[in-house]
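Look at the chains below and how they fit together. This short report covers symmetry, contacts and one sheet.

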Number of protein chains: 4
Amino acid sequence: MIRVGIVGATGYTAVELLKILLRHPEVSVTAITSRDPNTPHLSEVHPGLRDQLNLNFSQLDIPNFCESVDVAFCCLPHAASAEIVGQLVDAGVRVIDFSADYRLNDVETFEKWYGVQHPDAARVGNVAYGIPELFRAAIKEADVVANPGCFPSSALLPLAPLLKADLIQAAPIIVDSKTGISGAGRKTNLKFHYPECNESISAYGIGTHRHMPEIDQIIKRFCGTDVETVFTPHLTPMDRGILSTIYVQPKNKTNASDVMDCWNDFYKDEIFVRLSPDLVATKNVSGTNFCDIAARDSRGTIVIVSALDNLIKGASGAAVQNFNVMHGFDDTLGML
Amino acid sequence: MIRVGIVGATGYTAVELLKILLRHPEVSVTAITSRDPNTPHLSEVHPGLRDQLNLNFSQLDIPNFCESVDVAFCCLPHAASAEIVGQLVDAGVRVIDFSADYRLNDVETFEKWYGVQHPDAARVGNVAYGIPELFRAAIKEADVVANPGCFPSSALLPLAPLLKADLIQAAPIIVDSKTGISGAGRKTNLKFHYPECNESISAYGIGTHRHMPEIDQIIKRFCGTDVETVFTPHLTPMDRGILSTIYVQPKNKTNASDVMDCWNDFYKDEIFVRLSPDLVATKNVSGTNFCDIAARDSRGTIVIVSALDNLIKGASGAAVQNFNVMHGFDDTLGML
Amino acid sequence: MIRVGIVGATGYTAVELLKILLRHPEVSVTAITSRDPNTPHLSEVHPGLRDQLNLNFSQLDIPNFCESVDVAFCCLPHAASAEIVGQLVDAGVRVIDFSADYRLNDVETFEKWYGVQHPDAARVGNVAYGIPELFRAAIKEADVVANPGCFPSSALLPLAPLLKADLIQAAPIIVDSKTGISGAGRKTNLKFHYPECNESISAYGIGTHRHMPEIDQIIKRFCGTDVETVFTPHLTPMDRGILSTIYVQPKNKTNASDVMDCWNDFYKDEIFVRLSPDLVATKNVSGTNFCDIAARDSRGTIVIVSALDNLIKGASGAAVQNFNVMHGFDDTLGML
Amino acid sequence: MIRVGIVGATGYTAVELLKILLRHPEVSVTAITSRDPNTPHLSEVHPGLRDQLNLNFSQLDIPNFCESVDVAFCCLPHAASAEIVGQLVDAGVRVIDFSADYRLNDVETFEKWYGVQHPDAARVGNVAYGIPELFRAAIKEADVVANPGCFPSSALLPLAPLLKADLIQAAPIIVDSKTGISGAGRKTNLKFHYPECNESISAYGIGTHRHMPEIDQIIKRFCGTDVETVFTPHLTPMDRGILSTIYVQPKNKTNASDVMDCWNDFYKDEIFVRLSPDLVATKNVSGTNFCDIAARDSRGTIVIVSALDNLIKGASGAAVQNFNVMHGFDDTLGML
């Protein structure tokens, strides 16, 4: 049994992570932490877990924590995460980090887009990016894995093989993404107050969303291509799910059918990426670690649609998949 | 008082139309028809109208109908509509037609996209297109107005002035639209069964949706520009509202601010198109005849977002606005 | 034109009130206030009202305010309201108060259930309760009207005539109510964070909700009957609407049909209470000032179902109806 | 491995059943049937199961089917089910039947409420009712288990122990239930068309719902008490979940705390019934086999609230729990 701790376990990704880990036959959850000393009991914070886990929140004490766990899932906000990840690693704990702190290729880009100084700059650029379908070898050996952003996962899984195979042009790439409200996290904000966002769809962060450089840099890392994606996220009135509609221009005479062939080849051994002849829907992947992808032709443009659950394949499921890869388990352990 | 009849009054656009007309100080609703002789009483079909209208469904008998009305709102499906519109006009009734039958510029395009022979081909291309902000003069004099499609309205209102002013390139134009489920009409279909489409977003009709040629042809008609929009509609889990996210390439150094200036000038006398410095949301226009529009820069691409209520500005509100224009009333009569 | 001001105009009831008043032919809105000096511009607080009202928030200055208005709609929280209502009245302004401050019959009950000292105790018990269908005469003459609670309206409209006619027993009366989330107001709270309450229904405030004594006391005031309703509210995943399912025991052999007859007689001249032979639904009254009611027999128990829009007939529509009654206008002015 | 077949596998309960069975370590799904020979491929009918199950729909051929399975889950409509269950049993297949055909105690009641002749009358009254928490011994030995109705489960789990312990009165018992729309099944109907039931709550089947006699008869069977529950279901705008608010009268001085004690004792070894000090919500049990229950005092009435997922503890989870009991497995196998 691998002893697992969750740092910052009060949010939506943590509760989904706990649900998966409780089913995982090789995992024992031994610590969950919260930064707020007044955090209520686990059964009040996550009533869905009532009676499921004989454990309660503690505040993070690094030596104690590191003695009780082999692996840490770190669910802290950006910058806060990088302040402790190094200490965990130094104490021999492998880390899967949900924050954006170690996703980018260089500190400059991080500091430009996140507006804070990076607390652990030396590590940036040397951390495995946690999409096993693209970076399996690096993840296997990693002591820290940067769990990917939810939007980038939905864009990178369909785009990366196509750019690597040189089937599509590097520009323009338009990623029009729609996310359920849980993507905004669990902190209250008038924007996510039920009567404000129910029965409404709206765009936000046009030209300014931090997942834009993440998509670009991971494509660069994966296949060397320079891209500048035009990424627009939308707030959709549903709990969970991301649908990304991606508009790309073919090279030569590539069409949607060639795109499907390329994916078919690239993902033939990957269980969590599913090619769909029908158009995909977030409902079909809700609560699962699948990413469904499909392609269509539209007047010379190739229109790609991908669907995943932002809390699972876009966060906690991907994290467990990374965990499985790091330990030589089957990718699906605890999830299928 | 102008006597008004509604042909095909059992659906969602008809009930919204009735709600507006009941408030209209210059209108008396004198006939509502249904093609099904077994249609239940109005208060069962539209329980929201209980006790509001002392009238019930009849089957369309053209001579009787034409004696009792001055204006007909025709809410029949395509092809069915064109079979009766001519007869109504010949009897001296002015018609506002909700179907697609008279929206396009030529019969060939209609028959290609709709897959049926046009029952009233001679009239096609000679009918006013019912966006008063673009075609006010033609609507004023018209005996038939083609009420516009909901998606085209959301695309044409922001795009038409920019193309006319030559601020943006004619290609590529990508229109990524999200609609509430009422856009699918009131006929049952597993796709629109609540548990199928709730908590899910999905694309449909990629490259094949009939509103795509409508957008192109009306732009051509309005400013002579040839465009081939790449249009993708999405089914969004909400009752009503359309949000269109439109990606265009600037000419010269046009940016989002220039776009706002152009709209500001073009729409300065139009009350139902609102320029928004903030990003728009369908909730803000729900139940109203407003179309809110905004623009942003994203890495050289101009991203336009428009929001309207598919049943009001996208259908019944636009129809009443057309009615008002046809009769020399203020555009807002019955609506503000 | 009657000059109207709204005190505390940043919430959901205020925006609905403004929408109705902007349509009202006898009203000019001349002042809107907010207690927070940092309140953004009206078009940011209520983007649905963009370009509709040439007015912005001010802080309440009573002498200035009273010079500019004839009638005040007061949308402040309980206790805060009673601190200013007296001053407005003394300055000759008639007040329609949305708070609970003047709804109850006695100060003791108020202070017990609301846990604060009443700032204007002398007035309590002498204020017209704002359901015109029950207290029209008192409202007509009133200088202050206590606008009713949303849940009490949904219970009192069906119950009051039956208790007055002695058709049902005074105990037990069970009121099981379901409300849309806008009923919780616009202040953020984790409970009303979209992903917490979407796709979920839950009961709250069992045995402790403040609308329980309000129902009891207004029944007592209306027909002298002592009742102790068992009232349970539920949070329902929708923006607006209240459905109350009410379980009562008949006297003698009263059945659902007798109940319908009683209502039919009592409400024959009231346009906003609609008797429905079919079971009612909140959708049918959404955005309207109607309260739909129906009754059924179930094993000797009479089951009553009432539906209203909590923001309209449960708040702002009722307020305008009261305003109309106070000024001798038709109840429906501005609303139908 | 136990070979399992599903008869009538195109609906919502079947897909949830398949998801659980695919995770069950002791189950191999060997047959799924559909009555419609034109049923599309499994991956089109249930796109969420794409690539998960190497099997497709066949039409039921009883000899073939019985050779390939040890246990059948029968998801047919009432009456259709009873026409084949006997044949399956005769061929040595144990059956878990989702229909209402074998739930009641006598044929007369069945025929009165369901309006059809029972095709297998002799078996009625001799079939284990599939709530393991109440009828574990009978289920263990059964060749046919009647899987319970979703509403009855939500009422019986809290009520049965209290009536058995004589803590509450047998009348009146009011069960006010709220269900997600998936409870209506997957057959299209205007009532469940998204724009009809979204953003709306309504009661239906008052005094006439078939789950009413089921509740009564199972209470009679469990503890001999005659009850006549007043049951009112409501359609709630969410995919899944049932919340039942139950109003009972105490015997002696029983209060909510005594109720909790009684449950605590009765359910101390039952993992799927969770006692909640906080009020329950359907969200907390969504996708799980838990039934959460809580109690409160309200003016002498005891108000009980229970929450379960209508498709899991209200259908397919209960079925697998029954399956586990029948085979001597831990109740939770495949589910936790």
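What turn and what shift along the axis lay chain D on chain B? The turn is 180° and the shift along the axis is 0.0 Å, with an RMSD of 0.0 Å. Copies are superposed by least squares on the C-alpha atoms of residues with pLDDT of at least 70 in both.

A word on the source. This is a predicted model, where local features need pLDDT of at least 70, side-chain atom pairs count only at pLDDT 80 or more, and totals for chains, interfaces and linings use all residues. Residues are numbered from 1 along each chain as its sequence is written, while chains are lettered from A and ligands numbered from 1 in the order in which they are written.

**Chains A and B**

Chain B is superposed on chain A by a rotation of 180°, with 0.0 Å of shift along its axis and an RMSD of 0.0 Å. The two copies are thus related as by a two-fold rotation axis. In chain B, P237(B) has the C-alpha nearest the axis, 3.2 Å from it.

**The two contacts**

Two residues are in contact if their C-beta atoms, placed from the backbone, lie within 7 Å. The table gives the residues on each side.

| Contact | One side | Other side |
|---|---|---|
| B with A | chain B, 36 residues | chain A, 36 residues |
| D with B | chain D, 15 residues | chain B, 15 residues |

On the side of chain B that touches chain A, strands giving two or more residues include β8 (174-179), β10 (230-235) and β13 (291-298) of chain B. Helices (H or I, at least four residues) and strands (E, at least two) are DSSP runs, numbered from the N terminus. 100% of the interface residues of chain B are also interface residues in chain A, so these copies meet through the same surface.

On the side of chain D that touches chain B, helix α8 (residues 194-197) of chain D gives the largest share, three residues. Here too the copies meet through the same surface, because 100% of the interface residues of chain D are also interface residues in chain B.

**A sheet in chain D**

Chain D has an open sheet of seven strands. Their order is β3-β2-β1-β4-β5-β7-β6, with parallel pairing. Two strands pair if DSSP finds at least two bridges between them. The edge strands, β3 (57-58) and β6 (128-129) of chain D, each pair on one side only. Strands β1 (residues 2-7) and β2 (residues 27-33) of chain D pair over six bridges. G5(D) stands opposite A31(D) in β2(D).
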